[in-house]
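Hello,

Here is the structure I promised to pass on to you. Please have it open while you read, and my notes will follow below.

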Amino acid sequence: MEPLDLAGVGVGPFNLSLAALGDGVAGLRCAFFEQRPEFRWHPGLLIEGATLQVPFLADLVTLADPASPWSFLRFLRERERLFPFYFAERFHIERAEYDAYCRWVSERVPGLCFGHRVDAVRWSAERGLFEVDFTRLDALGGMSAPGRSYARNVVLGIGTAPHVPRALRPSAQDPAVPVYHSAEYLERRAELLAAGHVTVIGSGQSGAEVFLDLLRGRPAGRERLHWLTRSPAFAPMEYSKLGLEHFTPDYTRYFHGLSEPVRDGLLPRQGQLHKAVDAGTLAAVHDELYRRTLELDRGAGDRGGDGGSAGWPDVVLTPGVRVRTAGRGGGARLELGLEHAEQQERGVLTTDAVVLATGYAERPAEGLLAALEGYVRRDGSGRPLVDEDFRLVLDPAVEGSVFVQNAERHTHGVGAPDLGLAAHRSAVILNAVTGRESYPLPRRTAFTTFGLRAGPAAADGGAGGAGRSATVSV
């Protein structure tokens with residue numbers, strides 16, 4: 001077979017964006033391999049009414065190519081919903097609609113190979129190509145037949161995996177124990193609504209959405225819900241317009257130009273940019289709780305109560321709490337050992353089920369790239385070095401490139417997992433693969449100048465290395 005220009009491993013939103021934009025590059029030969037039988041995007045969190053945290057313009061292609069046939073607006077036109085969407089005036093669409101849009105693209109864009117599990121990626125010096133070994137899977141996920149493709153370049157888009165805190169891993173791994181990650185919430189929803197007491201752990205957007213959905217589904221006065229988080233508060237996400245400029249290519253270039261110790265120090269301090277909760281969701285939680293106080297107070301009056309105090313829902317929301325231990329108690333219930341950071345006190349919470357809204361971690365690619373281990377250059381912490389074009393820094397003996405998507409937060413910052421930067425990153429990768437400006441990129445994307453080097457610095461690739469001086473005129 002003629003070698004591919006680009007072989008993709010995984011078909012999530014980021015590689016789907018790359019495939020969609022790659023379809024618009026004449027003569028480019030691409031194939032993307034995905035072991036699942038079809039595209040699915042966080043199916044366990046497609047809660048009714050839950051919306052994306054980015055505008056609909058952050059689809060797979062629009063911010064790189066508004067004229068692409070794979071845009072969200074084109075999807076709406078194909079579904080004959082363009083006018084209803086226009087009158088609905090929705091800037092943030094529901095997650096379920098985004099998933100439907102991505103599935104529409106995945107069923108039509110060429111070069112997607114579902115039911116293909118990539119087993120290894122090797123560099124063949126003799127051929128001057130990457131060897132991509134894969135296994136075809138049958139409808140039940142069983143192995144069908146091995147195969148191999150050759151490619152000049154490879155892109156890894158293997159996504160993330162649910163993160164489970166160490167203290168809760170034994171319980172989460174036991175199928176008999178009702179401890180579930182929020183990634184499987186919808187399939188466990190009926191069971192959780194029927195449970196006597198439920199604890200939600202984690203104060204990000206997923207935690208808030210799960211808590212709100214459980215709250216709405218349980219009777220007033222008998223909610224029996226706990227919501228715990230290590231964070232010091234149930235705080236809103238930074239969503240000011242200038243704050244959002246941290247999710248621009250300008251900030252990505254600036255962050256990449258910083259030294260490794262500075263980058264590592266910045267990331268833990270930027271949680272408010274991406275780990276907190278949408279203010280509207282927090283307001284909806286509070287509104288639902290307040291509505292229940294009115295309902296309970298009204299019920300107390302109907303029963304002849306003194307009416308001197310409002311009824312309170314059976315709900316506990318506690319920030320600043322860490323789960324130290326987890327296990328079965330004396331009966332069938334779970335006991336969570338808690339520690340409050342500010343009070344420096346410990347306690348035990350007994351519950352019937354737990355939902356872990358504890359986020360996701362990058363999937364390790366070491367097994368997949370084991371044959372390339374000797375070629376990959378690493379930083380002081382042992383992480384792969386990634387250049388400005390999202391390409392692993394490899395030994396010069398490797399003539400091809402390995403690009404990564406959503407595996408470069410340590411080099412490119414908080415925007416790595418953000419859907420709003422998907423199309424731009426895809427365009428950068430395609431320009432690097434083709435060696436030409438297949439997609440023109442904007443010279444400037446933010447009003448904020450993140451370093452002392454202004455304006456034109458963004459066009460030549462960054463904010464400069466650590467230790468460089470600059471003269472600023474005011």
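A definition to start with: two strands are said to pair if DSSP finds at least two bridges between them. Please also keep in mind that this is a predicted model.

**The antiparallel sheets**

With that in hand, look at the open sheet of 3 strands that follows the order 4-5-6, where the pairing is antiparallel. Strand 4 (116-124) and strand 6 (143-151) are its edge strands, each pairing on one side only. From one strand to the next, the twist averages 20°. Strand 5 (residues 129-137) is joined to strand 6 in the antiparallel sense over 8 bridges. If you want a spot to zoom in on, take Val132, whose bridge partner in strand 6 is Ser149.

Another open sheet, also of 3 strands, has the order 13-14-15 and antiparallel pairing. Here the edges are strand 13 (321-328) and strand 15 (345-351), and each of them pairs on one side only. Neighbouring strands in this sheet are turned by 25° against each other on average, direction ignored. Between strand 13 and strand 14 (residues 334-340) there are 7 bridges, again in the antiparallel sense. Arg328 stands opposite Leu334 of strand 14.

As a reminder, strands of a sheet pair through backbone hydrogen bonds, either parallel or antiparallel. The next strands give you the parallel kind.

**Strands covered on both faces**

In a regular strand, side chains alternate between the two faces of the sheet. Strand 7 (residues 153-156) has both faces covered: Asn153 and Val155 on one side, and Val154 and Leu156 on the other, are all buried. Which strands does strand 7 pair with in the parallel sense? One is strand 1 (residues 6-9), over 3 bridges, with Val9 standing opposite Leu156. Another is strand 18 (residues 401-404), over 4 bridges, where Val402 is the bridge partner of Val154.

Strand 10 (residues 198-201) is also covered on both faces, with Val198 and Val200 buried on one side and Thr199 and Ile201 buried on the other. Strand 10 runs parallel to strand 11 (residues 225-228), and 4 bridges join them. Within that pair, Thr199 stands opposite His226 in strand 11.

**The nonpolar cores**

The largest nonpolar core has 46 residues. Leu16, Phe32, Leu60, Phe72, Tyr98, Tyr101 and Val105 are the ones with the most contacts inside it. Helix 1 (13-22), helix 2 (72-78), helix 4 (95-106) and helix 12 (422-434) each supply at least two residues of this core. Which helix gives the most to this core? That is helix 12, with 7 residues.

Leu16 is a good place to look around. Leaving aside residues up to four places away in sequence, Leu16 touches Val11, Phe39, Leu60, Cys102, Val105, Ser106, Val109 and Leu112. Apart from the largest core lies another core, of 26 residues, and among them are Ala50, Val198, Val200 and Trp227. You will recognise Val198 and Val200 from one side of strand 10.

**Some helices to look at**

Is helix 8 (residues 249-256) enclosed or open to the outside? Of its 8 residues, 7 are buried, so helix 8 is largely enclosed by the rest of the structure. The buried ones are Pro249, Asp250, Tyr251, Thr252, Arg253, Tyr254 and Phe255.

Helix 6 (residues 185-194) and helix 7 (residues 205-217) have axes that come within 11 Å and cross at roughly 35°. Their crossing is right-handed. On the helix 6 side, Tyr185, Arg189, Leu192 and Leu193 meet Val210, Asp213, Leu214 and Gly217 of helix 7. Sorted by class, this contact has 5 nonpolar, 1 polar and 2 charged residues.

Finally, Glu295 is found in helix 10 (residues 279-302). Glu295 counts as partly exposed because its relative accessibility is 32%, and partly exposed covers the range between under 20% for buried and over 50% for exposed. Glu295 and Ala432 are 137 residues apart along the chain, and their C-alpha atoms are separated by 60 Å.

Happy browsing, and best wishes!

Notes. Residues numbered from 1 in each chain as written. Predicted model: local features only at pLDDT ≥ 70, side-chain atom pairs only at ≥ 80, totals over all residues. Heavy atoms only, no water. Axes fitted to C-alpha atoms, helices over the stretch in contact; angles between N-to-C directions. Left-handed = near helix turned anticlockwise from the far one by under 90°. Contact = heavy atoms within 4.5 Å. Nonpolar A, V, L, I, M, F, W, Y, C, P; charged D, E, K, R; others polar. Core = buried A, V, L, I, M, F, W, Y, C linked by side-chain atoms within 4.5 Å. Buried < 20%, exposed > 50% of the residue type's maximum accessible area, 1.4 Å probe, protein only.
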